[in-house]
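Here is a walk through one protein model, written for someone who would rather look at residues than at statistics. Keep the viewer open as you read.

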Amino acid sequence: MPVAKFEIVRKCKVCGELFKAKTIESWYCSPRCSKIAWKRRKDEERKMQRLDEVVKKIPESRDYITVPEAYALFGISKETLYRLIRKGCISSVNAGQRQIRVSKDELMKLYPLRKKALTKSKPVAKLYSLEPKDCYTIGEIAKKYHLDDSTVYLHIRKYSIPTRQIGNFVYAPKKEIDNLYKEAKK
Ligand SMILES: [Zn+2]
């Protein structure tokens, strides 16, 4: 008797060729494409690590940041930054040739932080809920603890507090935030 089995035909995520997936977890047509995908993931991880290093070195007290620093924090390209400057959307200073610096605080109001700059890549046991009902928005945190939004973002990054973005709002778990500022008050 023929064994009933269904076939999953997928497009290889690397080369785009159609292939029969052996399991629902198969995304690549061949060991070669799997290897390429693995290498790309590694390269991406390394790139993120480099960006995290840049982020760590930005002094919190300094508002005007360089173009590479803005990229590391927000993932904004040089082209986008220059366009924002030209349009007058953000303040900039020119500290010499190719030494343009832009206001970090103003960028914070326009862009969410690069995801990896907010949360460490290592998976953490989920002890918090990211449902909006269990979260504060950044604005609510700022109001409750008498801070400005950019300070809240900095703390979230510094203490690796998980966040979730829905529409224009960034949410952080109430429990994590309350713990953080309870500690800070002591
Ligand atoms: Zn392939």
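## The chain as a whole

Take the contacts in the protein chain between residues at least 6 apart in sequence: 51% of them join residues at least 24 apart. The model is a predicted one, and its protein chain has eight helices and eight strands. Buried residues account for 33% of the 186 residues in the chain. The accessible surface comes to about 13,100 Å², with 54% of that belonging to carbon and sulfur atoms.

## How far to trust it

The mean pLDDT of the protein chain is 84, and 88% of its residues reach 70 or more. Residues 119-124 are another story: the pLDDT there is below 50, and beyond near neighbours in sequence this stretch has five contacts in the model. Where pLDDT is low, the predicted coordinates should not be read in detail.

## Helix α2 and the strand before it

Start with helix α2, residues 67-74. Six of its eight residues are buried, so the helix is largely enclosed by the rest of the structure. The buried ones are Val 67, Glu 69, Ala 70, Ala 72, Leu 73 and Phe 74. Right after α2 comes Gly 75, with a positive phi near 70 degrees.

Val 67 belongs to helix α2 and has a relative accessible area of 13%; that is under 20%, so Val 67 counts as buried. What does Val 67 touch, not counting residues up to four places away in sequence? The list is Lys 78, Leu 81, Tyr 82 and Ile 100. With Lys 78, the C-alpha atoms are 6.4 Å apart, although the two residues are eleven apart in sequence.

Thr 66 sits in strand β3, residues 64-66. Thr 66 is buried too, at 18% relative accessible area. Leaving aside its neighbours within four places in sequence, Thr 66 is in contact with Ile 100 and Arg 101. Ile 100 therefore shows up in the contacts of Thr 66 and in those of Val 67 as well.

## Around helix α4

Met 108 lies in helix α4 and is buried, with a relative accessible area of 4%. Neighbours within four places in sequence aside, Met 108 is in contact with Phe 74, Leu 113, Ser 150, Tyr 153, Leu 154 and Arg 157. Phe 74 is one of the buried residues of α2. As for Leu 154, its C-alpha atom is 9.5 Å from that of Met 108, and the two residues are 46 apart along the chain.

Another of those contacts, Leu 113, is in the loop between α4 (104-110) and α5 (115-118). Is Leu 113 buried or exposed? Its relative accessible area is 5%, and with the cut-off for buried at under 20%, that makes it buried. The C-alpha atoms of Leu 113 and Tyr 71 are separated by 9.8 Å, with their positions 42 residues apart along the chain.

## A buried strand residue and an exposed loop residue

Thr 137 is part of strand β6, residues 135-137, and is buried at 11% relative accessible area. Residues up to four places away in sequence aside, Thr 137 touches Phe 169, Val 170 and Tyr 171.

For a contrast, try His 146, in the loop between α6 (138-144) and α7 (149-158). At 73% relative accessibility, which is over 50%, His 146 counts as exposed. Its phi is near 55 degrees, a positive value in a residue other than glycine.

## Rings, charges and cysteines

Which ring has the charged end of Arg 10 over it? That would be the ring of Trp 27, with the charged end 3.9 Å from its centre. Lys 13 also has its charged end over the ring of Trp 27, 4.5 Å from the centre. As for rings pairing with rings, a search of the whole structure finds one aromatic pair.

How many disulfides are there? The count is zero, taking a disulfide as a pair of cysteine sulfur atoms within 2.5 Å. Two cysteines are worth a look anyway: Cys 33 is buried, with a relative accessible area of 2%, and Cys 135 is buried at 4%.

Definitions and conventions:
Residues numbered from 1 in each chain as written. Predicted model: local features only at pLDDT ≥ 70, side-chain atom pairs only at ≥ 80, totals over all residues. Heavy atoms only, no water. Phe/Tyr/Trp six-rings, centres within 6.5 Å; stacked < 30°, edge-to-face > 60°. Lys NZ or Arg CZ within 6 Å of the ring centre and 35° of its normal. Buried < 20%, exposed > 50% of the residue type's maximum accessible area, 1.4 Å probe, protein only. Helix = DSSP H or I, 4+ residues; strand = E, 2+ residues; numbered from the N terminus. Contact = heavy atoms within 4.5 Å. Areas by Shrake-Rupley, 256 points an atom, 1.4 Å probe, with all protein chains shown as cover. pLDDT = per-residue confidence, 0-100.
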